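Thanks for passing this one along. Here are my notes, point by point, to read with the structure open beside them.

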Amino acid sequence: MGTTSRRSFLGGAAGAAALTLGAASGARADTWPSKPIRIIVSFPAGGLTDTMARAHSEYMSQKLGQPIVVENKAGAAGIIGAEAVARSAPDGYTLLYTITTTVVMNRVIYKTLPYDPEKDFVYIAMTSGGHLPFVVHKSVPATNIKEFVAWARANKASVGSYSIGSYSHMAIAELNRQFGLNMEAVHYRGEAPMWQDLASGAIQAASGSYLAGASVLQSGTARPIAVPLTTRMKKLPDVATFLEQGVTSPAFQVRAGWGGLLGPAGMPQAIVDRISELMVEGGTSPKIRGILDTFGIDESAIGHKEFTRIVREEGPVLLDIVKRLNITPQ
């Protein structure tokens, strides 16, 4: 699939979201839902994506009076699950819960995709992946980015990335670019082995989710020296953002790790509105608030209008950054 311009990014999806009731699918919003709903999670069970999908599904099921079945269709960086939903009927009974990689990074990581993120989906609600703190091993004499950069200029620095094309990969590349460093990105298959290597000192720094890295932080094996986004993290209030520390790359300001509920393009707008409302409402429930606190996430779910705007505006920024990683497409 070709490069998407900033103006056209998500244009098709936004248009699909505006379809009136019954237009293309024959779906009836006034009788929806009259049967169980299926949410396909495009990543394995047990992680944040799956946890949030199941918690929100439970809340919505109670409100709608219909079962919501969560099915994990993992594989190929979310492609398998996304393709299944893209090809399903746009009647509100088959939805997709996925992450940024499926919509943005895969455009660079893969030569072709069996779905078009621009045209094949409507974006219903976004859930935050939270801040992904940048953490250094205790042997590194740095408590902020300025000190870390000075150390990395004088020492060989290996920095963990939980996957090729991930936020952590982008963070390494952007720090190298802005400060003229030559840090090595060490790619892992997930966060667990990355944090284990940081704890042992095999790598000198890493960035990833707060919960996955909590053990190295709590043990004193490593310390956080910066957080992305434009506001500080509630769990780490004394740790300044990259922007506060003079790191101006957009990579550290945009949302690079969100989760989101999507549907096939052509869903009736009234159904999109209803699901979006329930996702936002569910995000304020005690159970989901507790999950957010456990994962160190400060922001609850946001609705389809804001979700669509964020992906339209920030998606191209992420796309540009990922392209600079010079990944050989698979």
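1. Let me begin with confidence, as this is a predicted model. The protein chain has an average pLDDT of 90, and 91% of the residues score at least 70. Two stretches deserve caution. Residues 1-8 stay under 50 in pLDDT, and the model gives them 17 contacts beyond four places in sequence. Residues 11-26 are also below 50, with 30 contacts in the model beyond near neighbours in sequence. I would keep those scores in mind when looking at either stretch.

2. Next, a sheet to orient yourself by. Five strands make an open sheet with mixed pairing, in the order β2-β1-β3-β10-β4. Its edges are β2 (68-72) and β4 (121-127), each of which pairs on one side only. On average, neighbouring strands here are turned by 25 degrees against each other, direction ignored. Inside the sheet, β3 (residues 94-99) and β10 (residues 259-264) run antiparallel and are joined by 4 bridges. If you want a landmark for that pairing, Ile99 has Gly259 in β10 as its bridge partner.

3. Which helices go with this sheet? Helix α2 (residues 48-64) packs on the sheet and touches β1 (37-41), β2, β3, β4 and β10. The direction of α2 makes about 165 degrees with that of β2. Helix α3 (residues 79-86) lies across β1, β3, β4 and β10, and runs at about 150 degrees to β3.

4. For a residue-level view of α2, try Ser57, which is found in that helix. Is Ser57 buried or exposed? Its relative accessibility is 2%, so Ser57 counts as buried, the cut-off being under 20%. Leaving aside neighbours within four places in sequence, Ser57 is in contact with Ile39, Ile68 and Val70.

5. There is another open sheet to trace, with 5 strands in the order β7-β6-β8-β5-β9 and mixed pairing. Here β7 and β9 stand at the edges; each has a single partner strand, so one side of each is left without a neighbour in the sheet. Neighbouring strands in this sheet are turned by 30 degrees against each other on average, again ignoring direction.

6. Strand β6 is a good place to pause in that sheet. β6 (residues 158-161) pairs in the parallel sense with β7 (residues 184-187) over 4 bridges, and Ser158 has Glu184 in β7 as its bridge partner. From β6 the chain crosses through helix α7 (residues 167-179) to β7, giving a β-α-β crossover that is right-handed. β6 also pairs in the parallel sense with β8 (residues 205-207), over 2 bridges. In that pairing, the bridge partner of Gly160 is Ala206 in β8.

7. Now the rings: the count comes to 8 aromatic pairs. One of them, Tyr123 with Phe307, is edge-to-face, at 5.3 Å centre to centre and 85 degrees between the planes. Tyr123 lies in strand β4 and Phe307 in helix α12 (residues 304-323), so this pair ties together parts that are 184 residues apart in sequence. Both Tyr123 and Phe307 are buried.

8. Why is the pair of Tyr167 and Phe252 edge-to-face? Their planes stand at 90 degrees, and planes over 60 degrees apart count as edge-to-face. The ring centres are 6.5 Å apart, a value worth reading against the pairing cut-off, which is within 6.5 Å. Tyr167 is in helix α7 and Phe252 is in the loop between β9 (222-226) and β10, so the pair links distant parts of the chain, 85 residues apart. Tyr167 is buried, and so is Phe252. Both belong to a cluster in which ring pairs link Phe134, Phe148, Trp151, Tyr167, Phe242 and Phe252.

9. A last residue to look up is Gln269, which lies in helix α10 (residues 269-282). With a relative accessible area of 18%, Gln269 falls under the 20% cut-off and is therefore buried. From Gln269 to Ala45 the separation is 224 residues in sequence and 30 Å in space, C-alpha to C-alpha.

Note on methods
Residues numbered from 1 in each chain as written. Predicted model: local features only at pLDDT ≥ 70, side-chain atom pairs only at ≥ 80, totals over all residues. Heavy atoms only, no water. Pairing = 2+ DSSP bridges. Axes fitted to C-alpha atoms, helices over the stretch in contact; angles between N-to-C directions. Contact = heavy atoms within 4.5 Å. Right-handed = clockwise from strand over helix to strand, strands pointing away. pLDDT = per-residue confidence, 0-100. Buried < 20%, exposed > 50% of the residue type's maximum accessible area, 1.4 Å probe, protein only. Phe/Tyr/Trp six-rings, centres within 6.5 Å; stacked < 30°, edge-to-face > 60°.
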